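Please read the following notes with the structure open beside you, and follow each point on the model as you go.

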Amino acid sequence: MAAKMIIFAACVATTLAQYSAPAYKPAYSAPAYAAPKAYAPEPAYAPAPYSFEYAVNDPHTYDIHSQQESSDGYGNVKGSYSLVEADGSTRIVEYTADSYGFNADVKKIEGSGYKAPAYKPAYSAPSYSAPAYKPAYSAPAYSAPAYSAPAYSAPAYSAPAYSAPAYKPAYSAPSYSAPAYKPAYSAPSYSALAYKPAY
């Protein structure tokens, strides 16, 4: 059995060896892509150092703050800002920004001599008393109506007079006599038999 399987496998291999696999040819041509355009290099700008500062002091809106900042033009920034909090303390922030990142140092100074006043409205609530209620009309006076109870007289009623009718049947009872009973047969007569013994 094993020999037959080996011979069959050899025949199949010989048959397949006579045919070569066809070369694959796609039905379309691959698109041709143009090389991407080279981007223009980023222009190099000369260092542009700057410096600014400002301060706001508005007692009507209680807005009191300031800031100052400077840069050397190479990405190194240094500055600070401050503001007055509602409780009268002052917050001061000093910061730097460079190649190492942003770093801030926050300080708080208690009681700098300023404190936001308590809010008081510019008007006083009017005082008024509730008016006494008085109706514009007087309630009408009603008098009890005078009336007399009607007098009713009992009606005079007389019982009707009638006599009971005498009962008289419209027929007379029939009279009949009882029939005399006579039987249709006569009673038989019996005679006593003389007894005679057989011996």
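**Notes on the sheet**

1. In this predicted model, strand 3, which covers residues 77-84, pairs with strand 4, which covers residues 90-98, and the pairing is antiparallel over 8 bridges. As a general point, strands of a sheet pair through backbone hydrogen bonds, and they do so in either a parallel or an antiparallel way.

2. Two residue pairs help to locate this pairing on the model. Val 77 stands opposite Ala 97 of strand 4, while Tyr 81 has Val 93 in strand 4 as its bridge partner.

3. The connection between these strands also deserves a look, since strand 3 and strand 4 form a hairpin with 5 residues between the strands, and in this hairpin Gly 88 takes a positive phi near 95°.

4. Strand 4 also pairs with strand 5, which covers residues 101-109, again in the antiparallel sense and over 9 bridges. Within this pairing, Ile 92 has Lys 107 in strand 5 as its bridge partner, and the hairpin formed by strand 4 and strand 5 has 2 residues between the strands.

5. How many strands does the open sheet have, and in what order do they stand? There are 5 strands in the order 1-2-3-4-5, with antiparallel pairing. Strand 1 (50-58) and strand 5 stand at the edges and each has a single partner strand, so one side of each is left without a neighbour in the sheet. From one strand to the next, the twist averages 10°.

6. When tracing side chains, please keep in mind that in a regular strand they alternate between the two faces of the sheet.

Methods
Residues numbered from 1 in each chain as written. Predicted model: local features only at pLDDT ≥ 70, side-chain atom pairs only at ≥ 80, totals over all residues. Heavy atoms only, no water. Pairing = 2+ DSSP bridges. Helix = DSSP H or I, 4+ residues; strand = E, 2+ residues; numbered from the N terminus. Axes fitted to C-alpha atoms, helices over the stretch in contact; angles between N-to-C directions.
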